[in-house]
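Here are a few friendly notes to read alongside the model. Please keep the structure open as you go through the points.

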Amino acid sequence: MIRLALRVRREDAEIALAELTELAPSGVEERDLGDVVEYAVYGADGELPALPDLRAAVGDALVEVVTEEVADDWADRWRAFHKPVLVAGRLHVRPPWSPPHGGDGVAELIVDPGQAFGTGGHATTRLCLELLVELADGPVPDGGRGPVLDLGSGSGVLAVAAAQLGWSPVHGVDHEEASVAATLENAAVNGVTVTADRFDLLRDGASGLGALDDGRPPLVLANLLRPLLLRVAADGFVGTPPHALIASGLLVHEADGVAAAFARQGLVEAERRTEGDWAALLLRRG
Ligand code: SAM
């Protein structure tokens, strides 16, 4: 097993991480080394992202690359950096090997990191979950909370959380087959109903609930990087248009541009959250 670490300048670290998560969607190990931040991936030779791609992803932020053979402890290290997260005191997102939270009124969401992005450990996932939990605190309309469409569902963490919090039907799309499988598997593990299929937001045009569209406007979850969010805003939606959209995966300085793009679809900024350099937006139909 190989541990491949990229050390990047602190001031460029968040941007480098955004690029790296595209290449290593199931997560990177982060170590703070002072002026430098180290991001590491583990894998067998031939399974790791190619070094030239990694170098290109972090660009000028790169300080050095450190490669080492890791022996027996790699599995433990992998587990050690997938830690449980408590969202808004209500939702405990944890890998299968961590114990339940056990607190009163705390729901458990088990996510196996596998090959797909979305353990709850990334700030953008956490920000989306916080906004979702808050929406769930609102009054439940007659006929239930209604449908959810999760764009770029990854591990399915947001879709599964939405189903646990009472939205139905919940549908996830992702261009990666592994993400579709992970979404369905994580839904089954958590005992909720979520459907998912493959859909490429760059190639397949406007997204929608398809056969699940029952005329009720959906809540759309979109934890995607800026270029994809802009594409979604430009393409719009097929079927019943959403009443609200949670967008994340964007850096703080990108938030105004993304909000403006969705405003042209009639989805207006209602709330903005930030954590470090990351931002999330709650947009509502104006
Ligand atoms: N929803 C999960 C979460 O919040 O943790 C995962 C979000 S992850 C930042 C973005 C997801 O978008 C990845 O699962 C990736 O495979 C997916 N994705 C990237 N490009 C896509 C595209 N062109 N079409 C559909 N999904 C895409």
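1. Helix α1 passes α2 in a right-handed crossing. Please bear in mind that this is a predicted model. The axes of α1 (residues 13-23) and α2 (residues 51-58) come within 8 Å and cross at roughly 150 degrees. Since angles over 145 degrees count as roughly antiparallel, α1 is therefore roughly antiparallel to α2.

2. If you would like to look at the α1 and α2 contact in your viewer, pick out Ala16, Glu19, Leu20 and Leu23 on α1, which meet Asp53, Leu54, Ala57 and Val58 on α2. By class, the residues of this contact are six nonpolar, no polar and two charged.

3. The other pair to look at is α4 (residues 123-137) with α5 (residues 157-164), whose axes come within 10 Å and cross at roughly 15 degrees. These two helices are therefore roughly parallel to each other, and their crossing is right-handed.

4. Which residues join α4 to α5? From α4 come Thr125, Cys128, Leu129 and Leu132, and from α5 come Val157, Leu158, Ala161 and Ala162. This contact has seven nonpolar residues, one polar residue and no charged ones.

5. Now to the ligand, which has 19 residues around it; the closest are Thr125, Asp174, Asp200, Leu201 and Asn223. Thr125 also belongs to the α4 side of the contact with α5.

6. Three polar approaches to the ligand deserve a look. A backbone N or O atom of Leu201 is 2.8 Å from a ligand nitrogen atom. Asn223 places a polar side-chain atom 2.8 Å from an oxygen atom of the ligand. For Gly154, a polar backbone atom is 3.4 Å from a ligand oxygen atom.

Notes: Residues are numbered from 1 along each chain as its sequence is written. This is a predicted model: local features need pLDDT of at least 70, side-chain atom pairs count only at pLDDT 80 or more; totals for chains, interfaces and linings use all residues. Side-chain values use heavy atoms; hydrogens and water are left out. Axes are lines fitted to C-alpha atoms, for helices over the stretch in contact, and angles run from 0 to 180 degrees between N-to-C directions. Helices (H or I, at least four residues) and strands (E, at least two) are DSSP runs, numbered from the N terminus. Angles under 35 degrees count as roughly parallel, over 145 as roughly antiparallel, 65 to 115 as roughly perpendicular and the rest as oblique. A crossing is left-handed if the near helix is turned anticlockwise from the far one by less than a right angle, and right-handed if clockwise. Contact means heavy atoms within 4.5 Å. Ala, Val, Leu, Ile, Met, Phe, Trp, Tyr, Cys and Pro count as nonpolar, Asp, Glu, Lys and Arg as charged, and the others, Gly among them, as polar. A residue is near a molecule or strand if one of its heavy atoms lies within 4 Å of it. A polar contact is a pair of N or O atoms within 3.5 Å; within protein, one must be able to donate a hydrogen and the other to accept it, and residues adjacent in sequence count only if both atoms are side-chain atoms.
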